[in-house]
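Let's take a walk through a protein together, one kind of contact at a time. Have the picture ready and follow along as we go.

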Amino acid sequence: MKCKRCGARPEVQLRAHNAAFCRPCYVDWFRRQIERAVTGDRMFDRDAHVLVAVSGGKDSLALWEVLAELGYRTTGFYLS
């Protein structure tokens, strides 16, 4: 199996999407999925301040990081 975008050796396989990606292509795909979900579902505007609940795990931290990289004003919120 090869990376769906560039043909390199894949590191991530997504069976639900019938796709495999190398690391750089997966990161790009992940960012585009988040941006598509936010804009497609009109979750919030670019000027809105977004509070991201983070558990300390990789999923919520990755979401927070990508939203910040996409230019959204974000604040992380963690309850112990």
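How many aromatic pairs does the structure hold? There are four aromatic pairs here. Keep in mind that you are looking at a predicted model. To find a gathering of rings, look for Phe21, Tyr26, Trp29 and Phe30, which form one aromatic cluster. Another ring worth finding is that of Tyr72: Arg46 lies over its face, at 4.4 Å from the ring centre.

Now let's turn to charges. The structure holds five salt bridges, and we can visit some of them. In one of these, the side chains of Arg5 and Asp28 meet, with 2.8 Å from N to O. This pair links distant parts of the chain, since Arg5 sits in the segment before β1 while Asp28 belongs to helix α1, 23 residues apart. Arg5 is partly exposed, with a relative accessible area of 45%, and Asp28 is partly exposed too, at 27%.

Asp28 has a further partner: it forms a salt bridge with Arg32, and the closest N and O atoms are 3.3 Å apart. Asp28 and Arg32 are separated by about one helical turn because they are four residues apart in helix α1. Through shared partners, salt bridges join Arg5, Asp28 and Arg32 into one network.

Next, find Arg23, which forms a salt bridge with Glu11, where the closest N and O atoms are 2.8 Å apart. Here, too, distant parts of the chain are linked: Arg23 is in helix α1 and Glu11 in the segment before β1, twelve residues apart. Both Arg23 and Glu11 are exposed.

What about the cysteines? A disulfide is a covalent bond between the sulfur atoms of two cysteines. How many disulfides does the structure hold? The count is zero. To see why, start with Cys6: its closest cysteine sulfur is in Cys22, 3.6 Å away, which is too far for a bond. Cys25 also has its closest cysteine sulfur in Cys22, and that distance of 3.5 Å is again too far for a bond. The cut-off behind this reasoning is 2.5 Å between the sulfur atoms. As for their surroundings, Cys6 is partly exposed at 48% relative accessibility, whereas Cys25 is buried at 9%.

Our last stop is on the surface. Leu51, Phe77 and Leu79 form a nonpolar patch there, with about 340 Å² of accessible area together. Within this patch, Phe77 belongs to strand β4, which covers residues 73-77. Phe77 counts as partly exposed because its relative accessibility is 40%.

How values were computed:
Residues are numbered from 1 along each chain as its sequence is written. This is a predicted model: local features need pLDDT of at least 70, side-chain atom pairs count only at pLDDT 80 or more; totals for chains, interfaces and linings use all residues. Side-chain values use heavy atoms; hydrogens and water are left out. Patches are made of residues with over 30% relative accessible area and no salt bridge: like charges are joined within 9 Å, nonpolar side chains (Val, Leu, Ile, Met, Phe, Trp, Tyr) within 5 Å. Accessible areas come from the Shrake-Rupley method with a 1.4 Å probe; for residues, only the protein chains shown count as cover. A salt bridge is a side-chain nitrogen of Lys or Arg within 4 Å of a carboxyl oxygen of Asp or Glu. Helices (H or I, at least four residues) and strands (E, at least two) are DSSP runs, numbered from the N terminus. Buried means under 20% relative accessible area, exposed over 50%, partly exposed in between (1.4 Å probe, protein chains only). Rings of Phe, Tyr and Trp (its six-membered ring) pair if their centres lie within 6.5 Å; planes under 30 degrees apart count as stacked, over 60 as edge-to-face and the rest as tilted. A charge sits over a ring if NZ of Lys or CZ of Arg is within 6 Å of the ring centre and within 35 degrees of the ring normal.
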